[in-house]
Amino acid sequence: MRFWLILVSAVVAGLSTTVAGAPPMVNLREAFADTKARLRRGQTANVLVLGDSLSFNPGSYLPVFRQRLQQVYGNAGYGYQGLSLWTGGAFNQGWTHSGLNSDYPPHHSLDGLWNEYDGESAWPNSADVYPHDRTVQIHYLKGPERGSFDIRLGTSGPVVATIRTDSADFGVGTFSLTLPAVPTGQAAFSYHPHRNGPVAILGHVSQSDQPGIRIHRAANGGWGVKNFLWRNSTFDQQLGLLDPDLVMIWLGQNDQSETRTSYAMRIGQLVDRLRAGAPSSEIVLVGTYNQGSAALPELVEGMFDVATQRGLGFINLYRVAGTPRFFELNGLLSDGIHFTPAGGSYFGNLLAEAFLTDGRSLIGRDFIRQFELA
């Protein structure tokens, strides 16, 4: 009898925070199928994650998600890193340090974490780079009246390439570099501008020499769907360069002024843009978790609407991850929103299991079960 009283209490306590219509998941088997087929053939599969601070801040779920999947399928490299102080860059004078928790115009790059040299500041004006893998594909901005730069090994080692970014056409240029050894915590290479015009580096892709899964992060603090819709054409070109097999979109915490209808419209616009830039990719929409805000259910339902109308994958974290009380009792959130290391591990494992099982691990998970586990 006592068990049923506790269960009823949990139900009553949770009624005001449940999502009514959206199921735990839809279409995940179909959405993951092509990516898994490539991995079974021993090929490399690229996964691109679009997100906000939940995908970016310390305590993010992504390190655990990446580790779990690479343990199963192989490590094809860390993936995309924007050029910023917070993503493996260190700068001398003349660099703008743009990006974190903001979105300065012009809206370059996948995630706003690009950096630009002003074109005239004197030495020392270099930028050091700390990649995760030995091979990198550098993405830089080219266009009219832009400058040039050297790429040096280490902070001040030999020049391995000189890149001119002046071009009649605006867009993304690339340069592939294989380092002499796997990076060990020191600056692996550096950019040295020539003081003959501005130089903008968008980021680089860290790649291993092994097949497997590579997970690219395109996320920034405070971002919502509008920030990704504001990107200029560099976003579309970088998207084509990454050539993702799967795109996962986990947004919502910063979109709480939207309604179900308006959010579905904006998410649909983002899906259209992704389809145009990476037509062979599958897309999974991740409805954000329940941190107690009354605005979030509408957004999760809006994502569900887009997924069902367009045959996309959908994961309903609001329904399956737990209640605010569960998160509090288990120490999963540091400030009521962002993850502690334990929270990042919890969500990383939850999403990894969803991928590995085609969503079967999500069936039967709901707020009542999470309350009981607490």
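Reader: Which residues does V205 touch, not counting residues up to four places away in sequence?

Author: V205 touches G79, Y80, T135, V136, Q137, H139, R214, H216 and L242, with residues up to four places away left out of the list. This is a predicted model, and every value below is computed from it.

Reader: How far apart are V205 and H139 in sequence and in space?

Author: The two are 66 residues apart in sequence, while their C-alpha atoms are 8.1 Å apart in space. V205 itself lies in strand β12, which spans residues 199–207.

Reader: Is V205 buried or exposed?

Author: The cut-off for buried is under 20% relative accessible area. V205 has 2% relative accessibility, so V205 counts as buried.

Reader: What is the mean pLDDT of the protein?

Author: The mean is 92, and 93% of the residues reach 70 or more. Residues 1–20 have a pLDDT below 50, and this stretch has 17 contacts in the model beyond near neighbours in sequence. Where pLDDT is low, the predicted coordinates should not be read in detail.

Reader: Now a charged residue. Is E116 buried or exposed?

Author: The relative accessible area of E116 is 18%, so E116 is buried under the 20% cut-off. E116 lies in strand β5, residues 115–117.

Reader: With which side chain does the side chain of E116 make a polar contact?

Author: The partner is the side chain of R146, at 2.3 Å. R146 also appears among the residues in contact with E116 once neighbours within four places in sequence are left aside; the others are G94, W95, T96, P198, V199 and A200.

Reader: Where is the place of R365?

Author: R365 sits in the loop between α10 (341–356) and α11 (367–373). Its relative accessibility is 15%, so R365 counts as buried. A polar atom of the R365 side chain lies 3.2 Å from the backbone oxygen of V320.

Reader: On to the sheet. In what order do the 6 strands of the open sheet stand?

Author: The order is β1-β16-β15-β14-β2-β13, and the pairing is mixed. β1 (25–26) and β13 (213–219) are at the edges; each has a single partner strand, so one side of each has no neighbour in the sheet.

Reader: How many bridges join β2 to β13?

Author: There are 7, and strand β2 (residues 45–51) runs parallel to β13. Two positions show the register: A45 stands opposite I213, and V47 stands opposite I215. β2 also pairs with β14 in the parallel sense, over 5 bridges. On that side V47 stands opposite L246, and L50 stands opposite I249.

Reader: Which residues of β2 point one way, and which the other way?

Author: In a regular strand the side chains alternate between the two faces of the sheet. In β2, A45, V47, V49 and G51 point one way, N46, L48 and L50 point the other way, and all are buried. With 7 of its 7 residues buried, β2 is therefore largely enclosed by the rest of the structure.

Reader: Which residues of β14 are on one side, and which on the other?

Author: L246, M248 and W250 are on one side, and V247, I249 and L251 are on the other; both faces are covered. Because 6 of the 6 residues of β14 are buried, this strand is largely enclosed by the rest of the structure. β14 pairs with β15 in the parallel sense over 6 bridges, and L251 stands opposite G287 in that strand.

Reader: Which strands does helix α6 lie across?

Author: Helix α6 (residues 260–277) lies across β2, β14 (246–251) and β15 (282–287), and runs at about 155° to β15. The helix has 18 residues and reaches 26 Å from first C-alpha to last, close to the 26 Å expected at 1.5 Å a residue.

Reader: What are the buried residues of α6, and what covers them?

Author: The buried residues are S262, Y263, A264, I267, G268, L270, V271, R273 and L274. Their cover includes the strands β2, β14 and β15, together with the helices α4 (225–230), α5 (233–242) and α7 (296–310).

How values were computed. Residues numbered from 1 in each chain as written. Predicted model: local features only at pLDDT ≥ 70, side-chain atom pairs only at ≥ 80, totals over all residues. Heavy atoms only, no water. pLDDT = per-residue confidence, 0-100. Contact = heavy atoms within 4.5 Å. Helix = DSSP H or I, 4+ residues; strand = E, 2+ residues; numbered from the N terminus. Buried < 20%, exposed > 50% of the residue type's maximum accessible area, 1.4 Å probe, protein only. Polar contact = N/O pair within 3.5 Å; in protein donor to acceptor, adjacent residues only side chain to side chain. Pairing = 2+ DSSP bridges. Axes fitted to C-alpha atoms, helices over the stretch in contact; angles between N-to-C directions. Expected span 1.5 Å × (residues − 1).
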